[in-house]
Amino acid sequence: MSNYLTVEDFANEPLPFTASRDDPAPLFTAEAIVNGEIQQVNLEDYRGSWVVLFFYASDFTFV
């Protein structure tokens with residue numbers, strides 16, 4: 001008996017979601033830096049506009 005997991009151990013588990021190029025972004029509200037201040041932004045407010053979503057998980061370094 002092995003202590004290691006194998007591919008077969010996950011055969012019936014759903015795959016995690018991974019976005020593709022043509023997938024719409026889910027609507028959300030989040031804190032963001034806007035003009036040097038933290039503000040709430042709502043993706044719905046930008047409907048019909050080009051939007052670039054940028055995040056750096058697990059870090060709060062201002063870029």
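## Close-up views of a two-strand chain

**View 1. Asp 22 and Arg 21 form a salt bridge.** Asp 22 is exposed, at a relative accessible area of 62% (exposed is over 50%, buried under 20% and partly exposed in between, with a 1.4 Å probe and protein chains only). This is a predicted model, in which local features need pLDDT of at least 70 and side-chain atom pairs 80 or more, while totals for chains, interfaces and linings use all residues. Residues are numbered from 1 along each chain as its sequence is written, and side-chain values use heavy atoms, without hydrogens or water. Look at the residue just before Asp 22 in the numbering: Arg 21 is exposed too, with a relative accessible area of 77%. Their closest N and O atoms lie 3.1 Å apart, and a salt bridge asks for a Lys or Arg side-chain nitrogen within 4 Å of an Asp or Glu carboxyl oxygen.

**View 2. Glu 44 and Arg 47 are joined by their side chains.** Here a salt bridge links the two residues, with 2.8 Å from N to O. Glu 44 is partly exposed, having a relative accessible area of 36%. Its partner Arg 47 reaches 59% and counts as exposed. How many salt bridges does this rule give? The count is two.

**View 3. Tyr 46 takes part in a nonpolar surface patch.** The partners of Tyr 46 in this patch are Phe 28, Val 51 and Leu 53, and the patch covers about 350 Å². Patch residues have over 30% relative accessible area and no salt bridge, with nonpolar side chains joined within 5 Å and like charges within 9 Å. Where does Tyr 46 sit along the chain? Tyr 46 belongs to the segment after strand S2, which spans 37-42. At a relative accessible area of 42%, Tyr 46 is partly exposed.

**View 4. Asn 35 sits in the loop between strands S1 and S2.** Strand S1 runs over 29-34. The phi angle of Asn 35 is near 50°, a positive value in a residue that is not glycine. Is Asn 35 buried or exposed? Asn 35 counts as exposed, with 79% relative accessibility.

**View 5. Ala 30 marks a place in strand S1.** With a relative accessible area of 25%, Ala 30 is partly exposed. From Ala 30 to Leu 43 the sequence separation is 13 residues, and their C-alpha atoms are 8.6 Å apart in space.

**View 6. The whole chain has two strands and zero helices.** Both kinds of element are DSSP runs numbered from the N terminus: helices (H or I) have at least four residues and strands (E) at least two. The chain holds 63 residues, and buried residues make up 3% of them. Its accessible surface comes to about 6800 Å², from the Shrake-Rupley method with a 1.4 Å probe, where only the protein chains shown cover residues. Carbon and sulfur atoms account for 57% of that surface.
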